[in-house]
Amino acid sequence: MKRILVTGGAGFIGANFVRLVLDEHPDTFVLNLDVLTYAGNLENLKGYTDNPIHVFVKGDICDADLVANLIDEHKIEAIVNFAAESHVDRSLVEPGVFIETNVKGTLTLLKIALDKKLERFLQVSTDEVYGSLGADGFFTETTPLSPNSPYSASKASADMLVAAFGHSWGLPYNITRCSNNYGPFQFPEKMIPLMINNALNDKALPIYGDGLYVRDWLYVYDHCTAIWNVLTQARAGTIYNIGGNNEKTNLEVVRLILDRLNKPESLIRHVKDRPGHDRRYAIDSSKVMRELGWKPTVTFEEGINKTIDWYLANTDWLNHVVSGQYQQYYEDMYSGR
Ligand code: NAD
Ligand code: DAU
């Protein structure tokens, strides 16, 4: 499989994936389709756009004619679908756009993938489709879907459509369900870059509720290698969980960031909780490790240091993305808490 359509390739994980493919698998042609919402940023692809094996097109995955024409024009063999509205908090304010992109957009891509007889459709999904865990246990690929937020409900809907296209018409698909990613180019609405940005500016660090919510953090590069392995090695019709085996409470993560930046813990503020906040996520990744030889290569201690160093070295990037609309977003999301 040498000619792939990557959707959402100007966002956080998509851009990291495009960079990995161009750096490490340069016999692959990447067509990158991204509508450039607030989360999409061509700066994430700096140094990678003027390249014969990477064509960027600004466009919407819901635009069936555009997608179909691009697939013909560039002789695309597989789709890796990253494009999505990805932030839980935004889905609690404005769920409609999550249905448009995450559900209808995926459906548009599925119909075209089937029509064009593509070799593979890889849906990049999330552990949030499984809902929330108590104090013990892990999500496996057979854990029933039980999404709790409009975001996770839209992702679960998309997963079910993907599997239905496989079941009904034999579409060769894979679904990956990954835990929380962190690393370079993550938009500072998500917890880790938001806390880094606030700490750098001596602003309060807003911890939802008691801060004892648990996430299983994975460095973004390791998520991207897992997706590559699934794309190139997995049997059609299989689902893989991907995680870092690295559970941390939000308070632990924030304390680490403050410590690294030499900032006081007095910056921590407990604010009003997220409605319906999932208590704990933890992923059992043994299937992808056993079947596809994948394993994470970056420990959390290394990853968080690399991430903080990246934000310190890329203050221009950070300043660009937090200017303008971000200020209004921040005011709306945090002022009443
Ligand atoms: P992101 O919000 O940083 O990027 C999403 C990208 O999709 C942006 O570039 C945006 O412009 C683009 N996009 C949005 N709507 C589009 C549309 N209609 N047409 C074309 N492009 C569109 O998100 P992310 O964190 O990089 O997540 C990427 C994917 O990975 C998502 O599907 C998300 O559900 C999944 N995921 C994310 C995480 C995580 O921790 N961030 C973990 C597991 C899975
Ligand atoms: O688990 C995978 C998911 O991880 C992905 O599917 C989503 O796209 C991605 O956004 C992420 O979802 P979360 O809701 O877990 O990530 P977020 O960074 O928004 O929040 C992480 C934790 O930190 C969560 O428990 C909420 C908390 N939090 C978040 C923010 C933004 C705070 O306490 N304060 C904050 O200001």
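## A tour of rings and charges

Start by selecting Lys203 and Tyr330: Lys203 lies over the face of the Tyr330 ring, 4.1 Å from the ring centre. Keep in mind as you click around that this is a predicted model.

Now widen the selection around Tyr330. That residue belongs to an aromatic cluster made up of Tyr38, Phe187, Tyr208, Tyr326, Tyr329, Tyr330 and Tyr334. Stay with Tyr208 for a moment and add Arg337, whose charged end sits over the Tyr208 ring at 4.1 Å from its centre.

**More rings**

Searching the whole structure turns up 19 aromatic pairs. For one of them, select Phe139 and Tyr281: the ring centres are 6.3 Å apart and the planes meet at 45°, so this pair is tilted. Colour by sequence position and you'll see a link between distant parts of the chain, 142 residues apart. Phe139 sits in the loop between strand S5 and helix H5, while Tyr281 is in the loop between strand S13 and helix H9. Buried or exposed, these two? Phe139 and Tyr281 are both buried.

Next, hop to Tyr182 and Tyr219. This aromatic pair is edge-to-face, with 5.5 Å from centre to centre and 70° between the planes. Tyr182 is in strand S7 and Tyr219 in strand S10, so the pair ties together parts 37 residues apart in sequence. Tyr182 and Tyr219 are buried too.

**On to the salt bridges**

The whole structure holds 12 salt bridges. Pick Arg90 and Glu189 to begin with: their closest N and O atoms are 2.6 Å apart. Arg90 is in helix H3 and Glu189 in the loop between S7 and helix H6, 99 residues apart. Arg90 has 19% relative accessibility, and since buried means under 20%, Arg90 counts as buried. Glu189 is buried as well, at 2%. Add Lys190 to the view and you have a salt-bridge network of Arg90, Glu189 and Lys190.

Then select Asp159 and Arg177, a salt bridge with its closest N and O atoms 2.8 Å apart. Here helix H5, home of Asp159, is linked to strand S6, home of Arg177, across 18 residues. Asp159 is buried at 2% relative accessible area, and Arg177 is buried at 4%.

Last stop: Glu265 and Arg255, bridged with 3.1 Å between the closest N and O atoms. Arg255 is in helix H8 and Glu265 in the loop between H8 and S13, so the pair ties together parts 10 residues apart in sequence. Turn on the surface for this one: Glu265 is partly exposed at 44%, and Arg255 is partly exposed at 39%.

Terms used: Residues are numbered from 1 along each chain as its sequence is written. Chains are lettered from A and ligands numbered from 1 in the order in which they are written. This is a predicted model: local features need pLDDT of at least 70, side-chain atom pairs count only at pLDDT 80 or more; totals for chains, interfaces and linings use all residues. Side-chain values use heavy atoms; hydrogens and water are left out. Rings of Phe, Tyr and Trp (its six-membered ring) pair if their centres lie within 6.5 Å; planes under 30 degrees apart count as stacked, over 60 as edge-to-face and the rest as tilted. Helices (H or I, at least four residues) and strands (E, at least two) are DSSP runs, numbered from the N terminus. Buried means under 20% relative accessible area, exposed over 50%, partly exposed in between (1.4 Å probe, protein chains only). A charge sits over a ring if NZ of Lys or CZ of Arg is within 6 Å of the ring centre and within 35 degrees of the ring normal. A salt bridge is a side-chain nitrogen of Lys or Arg within 4 Å of a carboxyl oxygen of Asp or Glu.
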